[in-house]
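Me: Please take me through this model, beginning with its cysteines and ending with its sheet.

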Amino acid sequence: MRADYRPFEVGNRFRIVPPDNPETVDGRINLVMERGAFGSGEHETTCSCIEIIENLPDVEGARLLDLGSGTGILSIAALKLGAASACCIDIEQEAVTACRHNCSMNNVADRVRHLCGTLDRLAEGDFDLVLANIYGDILLEVADGLVARAKPGARILLSGILWEYNFDVRQRYQNLGCSLIKNYLLEEFSTVHLRKD
């Protein structure tokens, strides 16, 4: 598919570019993304997560879990900052295919495991960083499973949360033993940054 968007910057360290875009050498990290059904990164929740990820002190060497990975953009950003590996899970086979393709274009495919299905397909745990940019009602449903798969001290970054779900999501994860680091209210959605105690 022909990309039909222009490069744009996210945060202080990244630039999202279509395939075949000339490499720009200015210190920013390029995230090469196809335009498609799962977006190329413009959504406020995606930008919010990338801006948080680029400022995390403990991304390097992290094992990360990305639930509802879509295009894989959040995992790709973390991997380009030095994360060791990512497990990307999505219920849509199309999303898994898009994620696999984007990981390959960004030269991180060898560090990514892809699963099509729900969180219960994943037996392992002890992840250092958990990402989930999905709707608030789903974040409530999967809360136990997500927190269980995070190691003590892990960062948990939740987004895709409409304002009306923000309090319930924060309360649910805090009741499961997470501390709130910061709550970000965006234009329509919100992002919640937690640490598992």
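Me: Why is Cys47 in no disulfide with Cys49?

Reply: A disulfide is a pair of cysteine sulfur atoms within 2.5 Å. The closest cysteine sulfur to that of Cys47 belongs to Cys49 and lies 9.5 Å away, which is too far for a bond. By this rule the count is 0 disulfides. The model is predicted, so local features need pLDDT of at least 70 and side-chain atom pairs pLDDT 80 or more, while totals for chains, interfaces and linings use all residues. Residues are numbered from 1 along each chain as its sequence is written, and side-chain values use heavy atoms, without hydrogens and water.

Me: Is Cys49 buried or exposed?

Reply: Buried means under 20% relative accessible area, exposed over 50%, partly exposed in between (1.4 Å probe, protein chains only). Cys49 has 1% relative accessibility and therefore counts as buried; Cys47, at 16%, is buried as well.

Me: How many residues of helix 2 are buried?

Reply: Helices (H or I, at least four residues) and strands (E, at least two) are DSSP runs numbered from the N terminus. In helix 2 (residues 73–80), 7 of the 8 residues are buried, among them Ile73 and Leu79.

Me: What is the strand order of the open sheet?

Reply: Strands pair if DSSP finds at least two bridges between them. The 7 strands follow the order 6-5-4-7-8-10-9, with mixed pairing; strand 6 (112–116) and strand 9 (178–185) are the edges. Strand 7 (residues 127–133) pairs with strand 8 (residues 150–162) in the parallel sense over 6 bridges, and Val130 has Ile156 as its bridge partner in strand 8.
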